[in-house]
Amino acid sequence: MSSAARFSAADHAHMARALQLAARGLYTTSPNPRVGCVIVRDGRVVGEGWHARAGTPHAEVHALKAAGDAARGATVYVTLEPCSHHGRTPPCAEALIQAGVGRVVAAMTDPNPLVAGGGISMLTLAGIEAEVGLMEAEARALNPGFISRMTRQRPWLRLKTASTLDGKTALANGASQWITGEAARADVQTLRARACALLTGSGTVLADNPRMNVRDFDIGRPPLRVIVDSALRTPVDAAILPALIACHHADPHLRAELEQAGAEVIELPGADGRVDLAALLALLAQRGVNELHVEAGAALNGALLAAGLVDEWVAYMAPLAVGDDARGLFTQPPLTTLADAARFKLADVRQIGGDLRLTLLPT
């Protein structure tokens, strides 16, 4: 049976509200998922809640507190299956059972193996009507990183680029400030703010000395800064430090200097003297990184693309043309046929100030 047949218009409206509430935690819930909850009794909303930060009560607990005794016999709309395990907080499924709710509608099953249907089973065994699948696509879109970390054991990698209309990131002499306008640069901060970690390469560190920080957002937790630096070229006074530096092989002297400057240096040897990028992503997932935001040069961009690690590409394009001797977006081996080209599909196109922002997903 389709969701349209199983769920009413009122069900859709209340779940849409729960999704709005979940989005309030877009920048703050890491490493937890963004979750919203609405409790309805006799057609009236009696409680709302959302998860704000890891270690604080989940969305259901906030909504139950707001509802009080009105939760008994009510319908609960939640964007993610209620948890059934003890973590930093008690299981939400138990809280719903103790509150005596009559029905629970979840947008999607929790991909966490510790839950993965356990919350729905717990509710059902307690005699509570429990359903899953209402507005699931919208719920999944809120948590691509959490889903990726739980199902693929790696973060969702979002690659950001800024280029001219003819695909150039800088002039031949390296000049690049500023290709895109102020509005586009401010928009990039929203992408950084929602990420758990920000990744760049040593080439960018040496050329631009970026801070790779989040401005204009109070997210309560600075994202982890990560540098791919095969030969430990990062200067000890780099603005990006402290950061996690992934290298191929660490010279003991360079390592000691960087660690004294606040860096954490890890060896992840890959082929041809390069860093094993897949191993780096696996390590970041183990550290709770859901969404990984990348702002790098053509070499690292090309390596990530060749390794099949790019999940989303956000391309800002300025209406400029600078010629074919300028620097490009990706370093790749020459192609002999277009069939070998990396292909993407457009997920979103919009104007940001005087520039275009394309959101692309690999096909």
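Helices (H or I, at least four residues) and strands (E, at least two) are DSSP runs, numbered here from the N terminus. Keep in mind that you are looking at a predicted model, in which local features need pLDDT of at least 70, side-chain atom pairs count only at pLDDT 80 or more, and totals for chains, interfaces and linings use all residues. Residues are numbered from 1 along each chain as its sequence is written, and side-chain values use heavy atoms, with hydrogens and water left out.

Let us start with the overall layout. The chain is assigned domain 1 (9-143) and domain 2 (153-362), with bounds that come from an automatic or database domain assignment. Between the C-alpha centres of domain 1 and domain 2 there are 35 Å. The two parts do meet: ten residues of domain 1 are in contact with twelve residues of domain 2, where contact means heavy atoms within 4.5 Å.

Now step into domain 1 with the UniProt record. In an unreviewed entry, the annotation "binding site" covers His58, Cys83 and Cys92. These residues are spread over 35 residues of sequence but cluster in space, with a largest C-alpha distance of 9.3 Å. UniProt positions are given in the numbering used here, feature names are shortened, and annotations may be inferred rather than shown by experiment. You will find His58 in the loop between strand E2 (44-50) and helix H3 (59-67), while Cys83 sits in the loop between strand E3 (75-78) and helix H4 (92-99). Cys83 counts as buried because its relative accessibility is 6%; buried means under 20% relative accessible area, exposed over 50%, and partly exposed in between (1.4 Å probe, protein chains only). Leaving aside neighbours within four places in sequence, Cys83 is in contact with residues including His58, Cys92 and Val115.

That last partner is worth a visit. Val115 belongs to the loop between strand E4 (103-106) and helix H5 (118-125), and at 5% relative accessibility Val115 is also buried. Beyond its neighbours within four places in sequence, the contacts of Val115 are Glu81, Pro82, Cys83, Ser84, His85 and Asp110.

Over in domain 2, a second "binding site" annotation from the unreviewed UniProt entry includes Thr204, Gly297 and Leu300 among its residues. The annotated residues span 142 residues of sequence and are also spread in space, up to 28.2 Å between C-alpha atoms. Gly297 is in the loop between strand E12 (291-294) and helix H12 (298-306), and is partly exposed at a relative accessible area of 28%. Not counting residues up to four places away in sequence, Gly297 touches Thr204 and Leu329. Leu300 lies in helix H12 and is buried, with a relative accessible area of 9%. With the same sequence neighbours left out, Leu300 touches Thr200, Gly201, Val228 and Leu277.

Finally, look for enclosed space. A search of the whole structure finds one cavity of 30 Å³ or more, a cavity being a set of points, on a 1 Å grid over the protein atoms alone, where a 1.4 Å probe fits but cannot get out. Its volume is about 80 Å³, taken as the space filled by probe spheres set on the points. The lining has 17 residues, of which Thr29, Ser30, Asn32, Arg34 and Asn290 lie nearest the centre; lining residues have an atom within 4 Å of a point. Where does this cavity lie? Domain 1 and domain 2 both give residues to the lining, so the cavity lies between them.

How values were computed
1 Å grid on protein atoms, 1.4 Å probe; cavity = no way out; pocket = protein on both sides within 12 Å on 5 of 7 lines; lining within 4 Å.
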